[in-house]
Amino acid sequence: MDLIERYFKDVNWRYVDHTTGLRPMESFAYDDTFSESVGKEQSENVVRTWIHQHTVILGIHDSRLPYLTDGIKYLTDEVGYNAIVRNSGGLGVVLDQGILNISLIFKGKTEIKIDDAFTLMYILIDAMFEDENVHIDTVEIEHSYCPGKFDLSIDGQKFAGISQRRVKGGIAVQIYLCVEGSGSERAEMMRKFYEIALKGETTKFKYPEIEPDCMASLESLLNQQITVQDVMFKLLHAIKALGGHLTTRELSETEFERFQYYFDRMIKRNQKINEQIEY
């Protein structure tokens, strides 16, 4: 059975719109909550959209940068971005009003391979932009921020990156889509962050050597005005076009309790990082 047949054809997807009003740590707690809920078959599959203001989401490896304190001071004091450490894979990414994040959350433990779960997100994104007469590649853009083999690019310029997290029988595949504004300016900010946080030191982990021109927004790549709201519409249309059914419902009492648990874990994770940083 192919991925479209298994995960979209006549499959219910519960749509959760979190594009306003949430703090970044709440988003990652919600994805863990829904992963557990879907994994225990207490919920249908979930598609969640989320946006956060002026935040850099760091990965675990970023938390080990030798001069992380200085890097975060640059982000907060010079460019006005907060920084938190996420609980899914990858390195630092930029979130702001022009970046749309999408989470696909579905049941799976050993039933679907890691690469197939990433491919499922690619299938959805490709369907969203099938009318734009562009080819979307999935190949690592080495000199982007948060590079990975499932980077999404057009003509060699990256506009999206995908991460994945598995919790209690559920899988959350998360993507950031650089929709509006300048992808290269965001990349320049991350280039300078790593420059300041490394100060030329050699580390066991290889951090990206970012070349800002290898990243761009969809607005630039498609050479047209396109908004986050436009892309959200494309998302819902694509799920239906692939054969899925959209539903909505509020958080259950059990889900609310589990959200509080996962949110507390995110807070504690970031407290540990903050204790290592001398402001």
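**Close-up 1. Asp155, an exposed loop residue.** With a relative accessibility of 74%, Asp155 counts as exposed, in a model that is predicted. Look for this residue in the loop that links strand E8 (152–154) to strand E9 (157–167). The phi angle of Asp155 is near 50°, a positive value in a residue other than glycine. As a reminder, most residues other than glycine have a negative phi.

**Close-up 2. Glu41, another residue with a positive phi.** Here we move to the loop between H2 and E2, where Glu41 is found. Phi of Glu41 is near 60°, which is positive although the residue is not glycine. The relative accessible area of Glu41 is 60%, and because exposed means over 50%, Glu41 belongs to that class.

**Close-up 3. Strand E2, enclosed by the rest of the structure.** Strand E2 covers residues 45–50, and six of its six residues are buried, so the strand is largely enclosed by the rest of the structure. Follow the side chains and you will find Asn45, Val47 and Thr49 pointing one way, while Val46, Arg48 and Trp50 point the other way. Both sets are buried.

**Close-up 4. The neighbours of E2.** Which strands pair with E2 here? Strand E1 (residues 12–18) runs parallel to E2 and is joined to it by six bridges. Within this pairing, Arg14 has Val46 of E2 as its bridge partner. Strand E6 (residues 99–107) pairs with E2 in the antiparallel sense, over five bridges. In that pairing, Thr49 stands opposite Ile102 of E6. Helix H2 (residues 24–39) also joins the picture: together with E1 and E2, this helix makes a right-handed β-α-β unit.

**Close-up 5. E3, H3 and E4.** Another right-handed β-α-β unit is made by E3, helix H3 (residues 68–78) and E4. Its strands, E3 (residues 55–58) and E4 (residues 82–85), pair in the parallel sense over four bridges. To find your place in the pairing, start at Thr55, which stands opposite Asn82 in E4.

**Close-up 6. The largest nonpolar core.** This core holds 48 residues, and the members that touch the most others are Ile102, Phe106, Ile125, Met128 and Leu177. Helix H4 (residues 114–128) supplies the largest share of the core, with 10 residues. Centre the view on Ile125 and, leaving aside residues up to four places away in sequence, you will see that it touches Ile102, Ile136, Leu152, Ile175 and Leu177. Another core, of 37 residues, lies apart from this one and includes Trp50, Leu65, Val94 and Ile210.

**Close-up 7. Stepping back to the protein chain.** To place the earlier views, here is the fold as a whole: eight helices and 11 strands make up the secondary structure of the protein chain. Its radius of gyration is 18 Å, close to the 19 Å that the globule rule gives for 279 residues, so the chain is as compact as a globular protein of that length. The C-alpha trace spans about 55 × 45 × 35 Å along its principal axes. Of the 279 residues, 55% are buried. Among contacts with a separation of 6 or more, 79% are between residues 24 or more positions apart. The accessible surface of the protein chain is about 13000 Å², with 46% of it belonging to carbon and sulfur atoms.

Methods: Residues are numbered from 1 along each chain as its sequence is written. This is a predicted model: local features need pLDDT of at least 70, side-chain atom pairs count only at pLDDT 80 or more; totals for chains, interfaces and linings use all residues. Side-chain values use heavy atoms; hydrogens and water are left out. A nonpolar core is a set of buried Ala, Val, Leu, Ile, Met, Phe, Trp, Tyr and Cys residues joined through side-chain atoms within 4.5 Å. Buried means under 20% relative accessible area, exposed over 50%, partly exposed in between (1.4 Å probe, protein chains only). Helices (H or I, at least four residues) and strands (E, at least two) are DSSP runs, numbered from the N terminus. Contact means heavy atoms within 4.5 Å. Two strands pair if DSSP finds at least two bridges between them. A crossover is right-handed if, with the strands pointing away from the viewer, the path from the first strand over the helix to the second runs clockwise. The radius of gyration is taken over C-alpha atoms; the globule rule is 2.2 Å times the number of residues to the power 0.38. Accessible areas come from the Shrake-Rupley method with a 1.4 Å probe; for residues, only the protein chains shown count as cover.
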